[in-house]
Amino acid sequence: MSVPGGPFDIVFEGWLLNYARDKATMTTMFRNISSNLRDGGHFFGIMQYPTEDPRKQLETWRNNKAQAYDYMTVEYAGDVEDGIVAHLKADRPTKFDFLNFWLKESVHKEAARDGGLTGEWKWTYPTVPEDDMGILGDVVNKAEERAKFERTPHFALVRIDKE
């Protein structure tokens with residue numbers, strides 16, 4: 001699917017690839033991204049923390065999540081061939097309740113390559129600058145919560161170059 005005005009130097013997605021329930025669907029998504037990206041362009045995406053064991057990572061996050069995430073629950077909701085189904089729910093600041101898929105990191109990489117993104121792949125993990133602890137709200141021990149947030153993030157930013 002080509003977008004008018006493309007191809008582009010940069011394509012960005014935020015929390016969309018986690019709706020792919022399998023490698024075939026994710027490959028189609030990456031193929032659409034690649035078809036709208038110039039050679040030498042960059043894809044940026046926000047998605048769940050990359051791992052080969054999504055269920056274990058989900059449990060690690062749930063057991064160590066920063067207090068700032070107390071409004072949100074993420075539960076294991078079943079298996080799919082290439083990962084797990086996660087149920088996310090929150091009652092504040094905005095209510096939401098939905099299912100999504102957390103596929104293995106290797107599946108993301110294979111789908112990106114099969115979809116036409118064959119360049120360098122780089123993950124970046126979130127940090128909270130020491131002078132900007134406001135993101136943690138009314139948390140009492142902000143230094144400890146900052147460390148938890150950085151030790152067990154629930155997401156990462158990926159950059160994939162198109163050759």
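There are 9 salt bridges to find in this structure, a salt bridge being a side-chain nitrogen of Lys or Arg within 4 Å of a carboxyl oxygen of Asp or Glu. Before you click around: the model is predicted, so local features need pLDDT of at least 70 and side-chain atom pairs count only at pLDDT 80 or more, while totals for chains, interfaces and linings use all residues. Residues are numbered from 1 along each chain as its sequence is written, and side-chain values use heavy atoms, with hydrogens and water left out.

**Stop one: R38 and D9.** Select this pair and you'll see a salt bridge whose closest N and O atoms are 3.2 Å apart. It ties together distant parts of the chain, with R38 in strand β2 (residues 37–48) and D9 in strand β1 (residues 8–14), 29 residues apart. Strands here are DSSP runs of E, at least two residues, and helices are runs of H or I, at least four, numbered from the N terminus. Turn on the surface: R38 is partly exposed at 38% relative accessibility, and D9 is partly exposed at 49%. (Buried means under 20% relative accessible area, exposed over 50%, partly exposed in between, using a 1.4 Å probe and protein chains only.)

**Stop two: K109 and E105.** Now hop to helix α3 (residues 105–114), where these two sit 4 residues apart, about one helical turn. Their closest N and O atoms are 3.7 Å apart. K109 is partly exposed at 33%, whereas E105 is buried at 18%.

**Stop three: D161 and R159.** Here the N to O distance is 3.0 Å. D161 is buried at 14%; R159 is partly exposed at 23%.

Finish by selecting K23, E110 and D114, joined into one network by salt bridges that share partners.
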